[in-house]
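Hi,

Here is the two-chain structure you'll want open while you read this. My notes on the interface and the empty spaces follow below it.

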Amino acid sequence: MQDDSIIKVKNVNFHYGDFKALTDINMDFEKSRVTALIGPSGCGKSTLLRLLNRMNDLIDGTRVEGEVLFEDKNIYDSNVDPVEIRRRIGMVFQKPNPFPKSIFNNIIYGPRLLGVTGKGDLRDLAEQSLRQAVLWDEVKDILGQSAMMLSGGQQQRLCIARALAMKPDVLLMDEPTSALDPISTAKIEELIEGLKKHYTIIIVTHNMQQAARISDYTGFFYLGKLIEYNLTEKLFTTPDVKQTEDYITGRFG
Amino acid sequence: MYLSSVMSRQLKEIVIKNIFFLFALVSIFILGLIIVFLFREGVPIFKVVSVKDFIFGNEWYPTYDPPDFGIWPLIVGSIIVTLFASLIAVPLGILSAIYISEIAPPLMKEILKPVIELLAGLPSVVLGFFGMVVIAPFLQETFDLPTGLNIVNVSILLAIMAVPTISSISEDALYSVPREFKEASYALGATKFETIVKVIVPAALSGISTAVMLGMARAIGETMVVLMVAGGAAAIPESIFDSVRPMPASIAAEMGEAPFRSDHYHALFAIGVVLFFMTLFFNLIADYISTKFKEVGTATL
């Protein structure tokens with residue numbers, strides 16, 4: 001069997017204190033594809049996403065069982081530095097969260113941490129990232145101004161550009177359009193379409209149409225379990241599991 | 001029936017509104033009275049000595065004949081001890097705030113926070129006593145000085161008094177930095193230290209600056225500690241081991257012996273006026289930083 005998966009989740013259980021948020025998750029994420037995670041609120045899809053770059057480490061009282069293999073190496077091994085993982089697996093959050101710094105300084109925040117210091121290099125990187133995030137034309141003349149004065153949709157694309165400036169292998173997106181208007185949403189979906197040639201994208205979304213529009217694979221979660229994981233087209237037309245069908249047709253949720 | 005109940009409800013609203021207004025007015029009125037009184041008792045000294053000679057005069061001999069009313073040594077004393085105290089208290093206060101807010105495990109946080117706040121509740125006379133019987137002899141022996149009651153001693157104690165103010169206000173500012181900023185930084189592969197230095201502290205800078213200003217205002221207005229351990233020499237100091245006589249110490253020490261409404265008495269009130277302006281200045285800066293600087297500052301970091 002040909003193995004194109006970049007991340008493999010193996011028998012993962014996850015606990016917040018006494019609460020078990022994920023039960024026995026097995027899932028492979030294919031390289032250069034968009035994978036959508038859907039399901040009702042509290043089903044564990046965001047938890048799984050945050051497991052993939054060890055963001056859950058930041059919450060006290062959490063516990064992980066099982067393995068998450070990134071390029072065949074378990075990122076929860078004791079000798080793995082989460083900082084290293086997060087540099088290669090970028091993340092975009094639900095609420096646009098640019099730093100209260102200038103647009104330019106937002107983009108180069110990550111690369112600077114990596115030790116990129118040349119003025120020209122940083123400028124090129126900023127332009128390249130902003131172009132990738134389809135924001136360059138809107139902000140090229142105001143790079144020195146505060147990112148806080150951009151609109152919500154622009155801020156979110158800035159956050160995507162900021163993540164791309166790290167040249168990650170994988171981009172995790174946690175409901176990136178849920179706080180945005182339909183036009184900004186359309187722009188970001190278009191952007192994701194373009195990005196998937198170079199990046200593996202895993203996106204959590206509440207919006208089933210969005211999942212159907214942009215993803216190649218979709219996983220449906222319910223009560224901390226992965227109910228069905230399939231090609232998007234298959235999952236939304238002829239799902240294997242009855243529960244999935246009920247959810248996508250709106251009969252429960 | 002209905003109409004009268006509406007009437008009485010409206011009447012009640014009006015009464016309540018006015019009672020609150022009255023209480024708000026009372027505190028402002030009292031503050032106003034204090035200021036008026038301060039000026040009324042202080043200003044007459046300027047019939048005897050010019051404002052310039054009063055502030056910049058180098059000789060403070062209020063009981064000599066003829067007396068000298070130059071408070072420059074007192075002003076310098078106040079500024080020097082405040083400055084040295086800040087040199088100690090600002091790093092200590094800010095770093096402890098960062099530790100409590102960002103680094104300390106929950107249990108440690110729960111111990112440290114109240115302990116530092118307890119420090120703020122320590123009566124200043126107790127601190128002064130500590131300075132006299134512990135720090136002073138130590139300084140005297142270690143550095144072979146004529147007296148341990150000097151700038152170093154008083155600066156240490158004032159720093160101890162300013163640390164809780166700086167630390168607790170800075171901590172509030174750090175704590176209120178949105179979680180989203182921290183998450184964004186971590187998600188970009190920043191370490192905890194990088195996140196603190198490059199994101200959290202800059203975002204909290206206006207609050208931290210306010211904390212520093214209020215801490216300094218606290219130090220410059222402190223009386224008991226400077227009265228007990230500053231040494232009381234009304235001369236411009238030449239070394240950090242010299243004694244000084246900061247303004248509040250002068251007022252507290254001399255007010256009891258100054259005849260009522262004498263020139264000396266008026267001069268002490270005039271020192272109070274100068275002190276009032278200095279603390280007002282600190283508070284205005286703090287206020288300016290926390291409002292103005294916040295809007296522009298955090299956005300253009």
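A quick definition before the numbers: a cavity here is a set of grid points where a 1.4 Å probe fits but cannot get out. Bear in mind that this is a predicted model.

On that basis, the structure has two cavities of 30 Å³ or more. The largest cavity holds about 70 Å³ of space. Both chains contribute to its walls: Gly90(A), Met91(A), Val92(A) and Phe93(A) are among the lining residues, and so are Ala184(B), Ala187(B) and Leu188(B). In terms of elements, E6 and H7 of chain A and H7 of chain B each put in at least two residues. Sorted by class, the lining of this cavity has eight nonpolar residues, two polar and one charged.

The second largest cavity comes in at about 40 Å³. Its lining consists of Ile100(B), Lys113(B), Ile116(B), Glu117(B), Ser167(B), Ser168(B) and Glu171(B). Here the elements giving two or more residues are H4 and helix H6 (151-175) of chain B. The split is two nonpolar, two polar and three charged.

Now for the open space. The largest pocket has a volume of about 730 Å³ and a lining of 23 residues. Nearest its centre are Leu58(A), Glu102(B), Lys182(B), Tyr186(B) and Lys192(B). H7(B) gives the most to this lining, with four residues. Other elements that supply at least two residues include helix H2 (82-88) of chain A and helix H3 (72-103) of chain B. By class, the pocket lining has 12 nonpolar, two polar and nine charged residues.

And how do the chains meet? The contact draws on 25 residues of chain A and 23 residues of chain B. About 2,000 Å² is buried between them, with carbon and sulfur atoms giving 62% of that area. On the chain A side, Pro100(A), Tyr109(A) and Leu113(A) lose the most area to chain B, together 27% of what that side buries.

As for the polar side of the interface, there are two salt bridges across it. Lys95(A) and Glu180(B) form a salt bridge through their side chains, at 3.7 Å from N to O. Five residue pairs are in polar contact between the chains, counting pairs with both at pLDDT 80 or more. H2(A) supplies the largest share of chain A's touching side, three residues. That side has 14 nonpolar, four polar and seven charged residues.

Cheers

How values were computed
Residues numbered from 1 in each chain as written. Chains lettered and ligands numbered in written order. Heavy atoms only, no water. 1 Å grid on protein atoms, 1.4 Å probe; cavity = no way out; pocket = protein on both sides within 12 Å on 5 of 7 lines; lining within 4 Å. Points joined across faces, edges and corners; volume = space filled by probe spheres on them. Nonpolar A, V, L, I, M, F, W, Y, C, P; charged D, E, K, R; others polar. Contact = heavy atoms within 4.5 Å. Buried area = accessible area lost by both parts, 1.4 Å probe. Salt bridge = Lys/Arg side-chain N within 4 Å of Asp/Glu carboxyl O. Polar contact = N/O pair within 3.5 Å; in protein donor to acceptor, adjacent residues only side chain to side chain.
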